[in-house]
Amino acid sequence: MAERPIITGIELTEFEFTLQDFGVDYNGFNLVYEGGNKLTRRSAVLQVHTDQGITGEYLTGLVQMSTLPMFANYLIGQNALERERIYQDTKRALRQVARMGMACVDVALWDIAGKFYDAPIYELLGGHIRPLKSYASTTHGDHNGGLDSPEAYADFAQVCLDKGYPAFKIHGWGDSLVDLEIANIHAVGQRVGDRMDLMLDPACELDTFADAVKVGRACDDERFYWLEDPYKDGGISQFAHRKLRQLLRTPILQTEHVRTLEPHVDFALADATDFLRGDVGYDGITGVMKVAHAAEGLGLDIEMHGPGPAQRHVMTSLRNTNYYEMGLLNPANEGTSMPIYLDYADGLDEVDEKGCVYAPQGAGLGVTLDWDYIRAHTTEHLAYS
Ligand SMILES: [Mg+2]
């Protein structure tokens, strides 16, 4: 048996990139279309090095990895293949800091495992390559000539349908504009609802539970596929979402904003969600697979949050999942994906004629980062060894 790869060092490289024709909306957070504006954002690459020359890499952020000083020394010297033990150890050690950072290390360890065994991650998970149906997931609504009206959303849904997408998810306007949100549900529903699965994600922006009920009833009228994170409980109240499910016919998708296995299971057992959410950036591949199998045991489905190679590998290995989230998309600009891979991209036109994507075929995550770009735009670099 080959020598086990031992972790010898960890690097975190933060870099800048520019989103063309993007701005932020009223609250300073949501990315929206803004013609002619350049928005500078930062991201970071986590690298876990081993004594065999294999390096695991995962795209994250300095904030997500702000806990690294707490556990970098623990990681160095570990067998990089012992993901389960490292998951359990870091879950305990980082419990007071919301377990931030453990997920990104876990994905990097899966990248190492794939490179060590010379296999794509989905193969290590028992999957076989298959098409993944995608939904076009919009940026938030704006007031600048992009997604600035229900008609603009309906037009964009039609564009996505024509490109092959079988489903479309609305992120509407912030600021709890309930009447506009409801008009949007009807406009998109009446334009494409007989040919696309439609979802609504207010991203926890509606002010009140009553707003969530009103908007949910419009989703009922248009037979939406799911309603996700409607209001300002922040997506975490089991009691409120159980009540909401009792008042609506539209399936509810919660648990994007709860971390680790146990709270996901508690949410489902409280009758507080129909779909479970899996986020590799919150829980790693190890944690999301636990949630996926727990969902399977309850007869439920898990839907991956956001696009990315790790999400594709996980989806490829599961039965009980439906749609890949392709986003965030806008008819008037290039969307929010970063152009930092040499051989991989997400974006409006990165689906086939049936609206499907595939997991990368190479070893590990199967993607190659553009280190020339990252080094030319580096803003901060941390190293542990
Ligand atoms: Mg969401």
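Two exercises on helix packing and helix faces follow, both set on a predicted model.

**Exercise 1. The pair of helix 10 and helix 11**

Task: Determine how helix 10 and helix 11 are oriented to each other, and which residues make the contact.

Solution:
- Start with the two descriptors. Packed helices are described by the angle between their axes and the distance between the axes.
- Take the values. The axes of helix 10 (residues 280-297) and helix 11 (residues 309-316) come within 11 Å. They cross at roughly 25°.
- Apply the cut-off. Angles under 35 degrees count as roughly parallel. Helix 10 and helix 11 are therefore roughly parallel to each other.
- Add the hand. The crossing of helix 10 and helix 11 is left-handed.
- List the contact. Helix 10 supplies Val280, Ile285, Val288 and Met289. Helix 11 supplies Ala310, Gln311 and Val314.
- Sort by class. The contact of helix 10 with helix 11 has six nonpolar residues, one polar residue and no charged ones.

**Exercise 2. The two faces of helix 1**

Task: Find the buried residues of helix 1, decide how they are arranged around the axis, and identify what covers them.

Solution:
- Pick out the buried residues. In helix 1 (residues 68-75) they are Leu68, Phe71, Ala72 and Leu75.
- Check the arc. These residues cover only 130° around the axis, which puts them on the same side of helix 1.
- Recall the geometry. An α-helix has 3.6 residues a turn, so residues three or four places apart point the same way.
- Turn to the other face. Pointing away from the buried side of helix 1 are the exposed residues Pro69 and Asn73.
- Find the cover. Over the buried residues of helix 1 lie, among others, strand 1 (7-24), helix 2 (83-93), helix 3 (102-117) and strand 13 (378-384).
- Look past the end. Glycine 77 follows helix 1, with a positive phi near 100°.

Notes: Residues numbered from 1 in each chain as written. Predicted model: local features only at pLDDT ≥ 70, side-chain atom pairs only at ≥ 80, totals over all residues. Axes fitted to C-alpha atoms, helices over the stretch in contact; angles between N-to-C directions. Helix = DSSP H or I, 4+ residues; strand = E, 2+ residues; numbered from the N terminus. Parallel < 35°, antiparallel > 145°, perpendicular 65-115°, else oblique. Left-handed = near helix turned anticlockwise from the far one by under 90°. Contact = placed C-beta atoms within 7 Å. Nonpolar A, V, L, I, M, F, W, Y, C, P; charged D, E, K, R; others polar. Buried ≥ 20, exposed ≤ 12 C-beta atoms within 10 Å, placed from the backbone. Arc of directions from axis to C-beta.
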